[in-house]
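User: Could you take a close look at one helix and what packs around it, and then tell me how the protein meets its DNA partner?
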Amino acid sequence: MFKAITAWDDKNQIKIVYKDDTDNRKLKTIKNFNWYFALSLNEFKTIPEDVLNDFYQRRVISKLEKKDKYVKIYAYNNWVVKPFIEYLTANNLHPLEADLSIHKRYLVDNHIEIEDNVDVLFFDIETDDSNQGIEIGRDRILSWAAYDNKGNSFFEAGDEREILKKFLLLLQKYDVYCGWNSDGFDVPYIKARLTKLGLSYEWRAKHHVDLMKRCIKLFSYEMEKIGLTGFSLNKVSKVFLNEEKIEHDEGILEMFQNNFELFKKYNLKDAELLYKLDKKLNLIQVMLQQCVWTGTFLNRFYVGELLDNYMLRESKKQGMYLRSKPDRKIMEELEDVRVTGGYVREPNRGLYDNVAIFDFKSLYPSMMISWNIGQDSLNEELSNIGSEHFEHFLKGRKIEEVDFDEWFKFLMKEKKLLDPNDEYTQTANNNFFDKHIDSFIPTLVKNLLDQRKVFKKELAKCQPGTAKYGDLKGKQSVVKEMANSMFGITADKRSRYFNRHIAEGITMTGQFMNKTISAIFEKLDSPVIYGDTDSVFVPVDNDVNIEKLLKTANDKLTDFILKWFKLKMSIVYLEYDKAYRKMIMLDKKRYTGMMKFLNDQDVNELYSKGTEDVKRNTITFAKQKFIDLVKLITDENKTADEIIQWVEDLRAYVLTTEDLQAEDLQIKTTVSKPTYKYKSKPVHVRLAEKLIKEGKMLEAQEGKNSWGNQISYIIVDNDNKDAILADEFNGNWDRKYYWDVQIFAPLERILSTVWPDIDWEKYDFEKAAKKERKRKLEEKRAEKERLKIEKEEKKRQKQQNLL
DNA sequence: GCGGACTGCTTACCT
DNA sequence: ACAGGTAAGCAGTCCGCG
């Protein structure tokens, strides 16, 4: 059997690109594949005979085939069948897998594997830049350069038509083409120019990967750690390859005309950097591995798609058909359906010594397995009643406002009422799942977690750095990601797995578990101060044995779950993850301090979440001062008096210093979408508009995987909304604004958390001025009041005298 | 015309 | 192009005040 490189629908036919035994690329056309969708037998029986006949006559459906509990309904293709699907949905029936394209149906049914032995071309184009600004397809393409994955290089410059023809000819020898920001520039540019020149190409036979997007996805969360300050090819190459682009002073066209050798070197270097980055970071190969594992093509590399293909193939093996993806109409109905998420405990703010952080291990997957939460195990009728009772119980309250005992009592009462014979597991949203069904999703999740254990075991036997080690490491992380994403698709309205009962069965049971473990720690005299979704923060005395405490808590948790929820088994338990030596609990999702235990190691390091020192848009000077302050408090145990002195010195410094440079003061903010899409225009957008007008920047692309454009600017006069680009810094900056907003505000939050009784706001110019205004106003008002009373008193006296 | 209260938008984070 | 929850800061609006 062949392995597929790519495939697509061509009217009623399927086109598949594959490699034959001698590694030659071939195109296969499948002409007579019968597309079908499925319907459960029970639902099928409700369709009136004459309706079926009618659709037969109209040649909408062609054939019926009974198979176990299903009927396969064949159609001429997946679009002529639309009226029939609409008829079924309108009559409350559920066509299964009716959204599949013809080739997807074919690939799943025939268990076609994905080819990972592919040829890759890395390329880059240069265009005429003599006109103002960049506009896709406006100007001539001057040249292109390319490297393939074997290290061969190519370069063509000159007549646009000729070089583009050569490029397409070269591309014929490859399966995948990659560029840098090529989704936003190179690819649409080439396509636009081809159209202009009246040339066409079969793009569907090749996969395109934008390596910049891939890098953003992989590294954006750890930029700070690896020293990455942006996602230009230059910056990324510098960090990972210690190489840079070729420097040049002239514009592109100028260089093309006057310094062709440098131009050629420049163009080729970019392609070479792409080739080297891929080689170093294994970008394409790791993606392909996931594609092979799940049965997905490279151009559809999204979590949702990977999981969907994997699950369609698994269900096929089990002789099952899954629900169709929602059509537009259902999506519209679902638009304002909201799914409750994780629980974030109101933190007990303050300064703490010795705080242990416990985490539920793979909480959502574990609960899905333990409670058997799935589409096929859900008793919808019972759960609808349960949900209704739950709504009534909430009386408009948000779930996080409900106290643990009250929630628990409600659930137990309902369990007795709705499931007296204990046939179901009950989730914390009062929904019910059949205990006796081997449900599809939980079984799959369990397989994934088991698979991960196997990989991890093998990994332990491998030498780091070897190919096998890398391979296992990749597989292990894919399996983990898939298990963890399984919840995500049950809450994704575009997915075939969306179900509010299920999604909230998971999240609310998670909320309940968090409250349960909190109650358990409370009973163990170790009250919890904070928790977010699957974690709890517990201050412990120095002499407490944390592992022992954890064991006790876990035992109690398991007893509780088994006793009251009557599960067959529970794999929900806590792990000891980290511990602070001293920490400041600032706010929800914001805390900082000195870690003493992290990644199974004793450490002494600053560890912050959500605070300004970890945020990209905090100025470097403020970041540094924030870190200094946290260390003074949590590492050096300074007194309030010492800190007050430190603040006063810092304020005096900020008001007078001439040392601070643009790098210290620039505020970096991302422009995340085209400027015209903004409903309000913050400073950074106004500056971006200016840059775009001057042709110094492209409009940003929208989307999760695009980085947008960072604008670095300096506030010159906040009252008059005067801001300039960091490059144009001339030494003027709004010192009071910087102190109040950029520097002191984050510090003040720390200070008033640690020393709530000290008046810290007096160091903030704006707040102090406001307070003063208020005081004066109050004084005035009091004076007026006094005069009024005096006047009345006099009047009264006068009247009394008259009497 | 100004400031305060309020709402909504935007960014960036956490799980 | 898998989810929801949250903080901070600013833009924009409405309104009362003088």
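Analyst: Happy to! The buried residues of α5 (under 20% relative accessible area, 1.4 Å probe, protein chains only) are E160, I163, L164, F167, L168, L170 and L171. They cover an arc of only 160° around the axis, taken from the directions from the helix axis to the C-beta atoms, so they sit on the same side of α5. An α-helix has 3.6 residues a turn, so residues three or four places apart point the same way. What covers these buried residues, by heavy atoms within 4.5 Å, includes the strands β8 (120-127), β9 (141-148), β10 (153-157) and β11 (176-179), along with helix α6 (186-197). Helices here are DSSP runs of H or I with at least four residues, and strands are runs of E with at least two, numbered from the N terminus.

This is a predicted model, with local features needing pLDDT of at least 70 and side-chain atom pairs pLDDT 80 or more, while totals for chains, interfaces and linings use all residues. Residues are numbered from 1 along each chain as written, chains are lettered from A and ligands numbered from 1 in written order, and side-chain values use heavy atoms, without hydrogens or water.

Now to the DNA. 20 residues surround DNA strand B (a heavy atom within 4 Å), and the closest are D534, Y591, G610, R616 and Y678. Sugar and phosphate make up 98% of the strand B atoms that come within 4 Å of the protein. Among the polar contacts (N or O pairs within 3.5 Å), a polar side-chain atom of S672 lies 2.7 Å from a phosphate oxygen of DNA strand B.

Definitions and conventions:
Buried means under 20% relative accessible area, exposed over 50%, partly exposed in between (1.4 Å probe, protein chains only). A polar contact is a pair of N or O atoms within 3.5 Å; within protein, one must be able to donate a hydrogen and the other to accept it, and residues adjacent in sequence count only if both atoms are side-chain atoms.
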